[in-house]
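Student: I have a structure open and would like to understand how its ligand is held. Could we go through it together?

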Amino acid sequence: MSLVIGLTGGIASGKSTVSNMFKEMNILVIDADVEARLAVEKGQPAYEKILAEFGDNILLPNEEIDRQKLGSIIFHRSEKRQLLNGIVHPEVRKRMKRQIEEAKEQGEEIVVLDIPLLFESKLMYMVDKTLLVYVDNAIQLQRLMARNHLSKQEAEARIQSQMPLAEKVGLADEVIHNNGAITDTKKQLITILANWGIKK
Ligand SMILES: Nc1ncnc2c1ncn2[C@@H]1O[C@H](COP(=O)(O)OP(=O)(O)OP(=O)(O)O)[C@@H](O)[C@H]1O
């Protein structure tokens with residue numbers, strides 16, 4: 001069998017926590033955020049395109065793209081954000097597809113794609129099953145404030161800029177409720193995998 005699982009959630013909902021559980025089970029995880037970083041490295045197709053659009057003042061002294069600077073440029077300018085996404089997203093999709101193919105060739109039966117914006121970017125076609133890591137809003141707020149040292153207001157603003165987790169619940173094949181202890185989260189994961197025919 002071969003199964004591609006799309007893992008998603010919201011900010012600080014517990015995606016990395018669940019992704020680490022997959023890795024501990026020796027299941028390959030492809031991380032969209034990592035691929036997005038690699039896709040804009042010097043020498044990659046997106047690099048020259050970004051320079052052509054944004055100019056070389058977005059470069060660091062080592063000629064790599066200053067992603068923070070780029071982030072601040074696109075933060076308040078949606079047309080620039082769309083332009084950048086139009087360059088980077090197709091490359092990320094290509095990289096992930098290539099890795100899925102390579103993994104299958106090497107006999108991997110299960111591959112996880114960790115994609116924070118799986119539903120927003122409508123990438124469901126890339127996976128066989130979708131798995132959402134859900135937390136209640138109050139816990140999400142607490143964990144985000146603690147992890148990123150944010151005020152309540154800052155954390156709320158970040159959560160509110162995303163598609164509500166409650167809305168994502170309706171789109172996912174399976175949901176892990178990550179409100180409780182990590183051990184409980186792990187149990188839910190094992191049950192879901194068993195439902196999908198995967199024994200770990
Ligand atoms: N069940 C849990 N109990 C207690 N703390 C948890 C639990 N799950 C996750 N956390 C903590 O909550 C924070 C957010 O979890 P994690 O980093 O896994 O989320 P994420 O969805 O990957 O976040 P992001 O997409 O924002 O990087 C982390 O500090 C993590 O250690």
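Tutor: We shall look at the surroundings of the ligand and then at a database record. This is a predicted model, in which local features need pLDDT of at least 70 and side-chain atom pairs count only at pLDDT 80 or more, while totals for chains, interfaces and linings use all residues. Residues are numbered from 1 along each chain as its sequence is written, and side-chain values use heavy atoms, with hydrogens and water left out.

Student: Which residues come nearest to the ligand?

Tutor: K15, S16, T17, R147 and N178 come nearest, out of 14 residues around the ligand. A residue counts as near if one of its heavy atoms lies within 4 Å.

Student: How do those 14 divide by character?

Tutor: The shell has four nonpolar, seven polar and three charged residues. Gly is counted among the polar ones here.

Student: Which helix supplies the largest share of the shell?

Tutor: That is α1, with three residues. Both α1 (15-24) and α6 (137-148) supply at least two each. Helices are DSSP runs of H or I with at least four residues, and strands are runs of E with at least two, numbered from the N terminus.

Student: What about the backbone?

Tutor: A polar backbone atom of A12 is 2.9 Å from an oxygen atom of the ligand. For S13 the corresponding distance is 3.2 Å, and for G10 it is 3.4 Å.

Student: Turning to the record, which residues does the "binding site" annotation cover?

Tutor: The unreviewed UniProt entry lists A12, S13, G14, K15, S16 and T17. Such annotations may be inferred rather than shown by experiment. Of these residues, G14 lies in the loop between β1 (3-8) and α1.

Conventions
A polar contact is a pair of N or O atoms within 3.5 Å; within protein, one must be able to donate a hydrogen and the other to accept it, and residues adjacent in sequence count only if both atoms are side-chain atoms.
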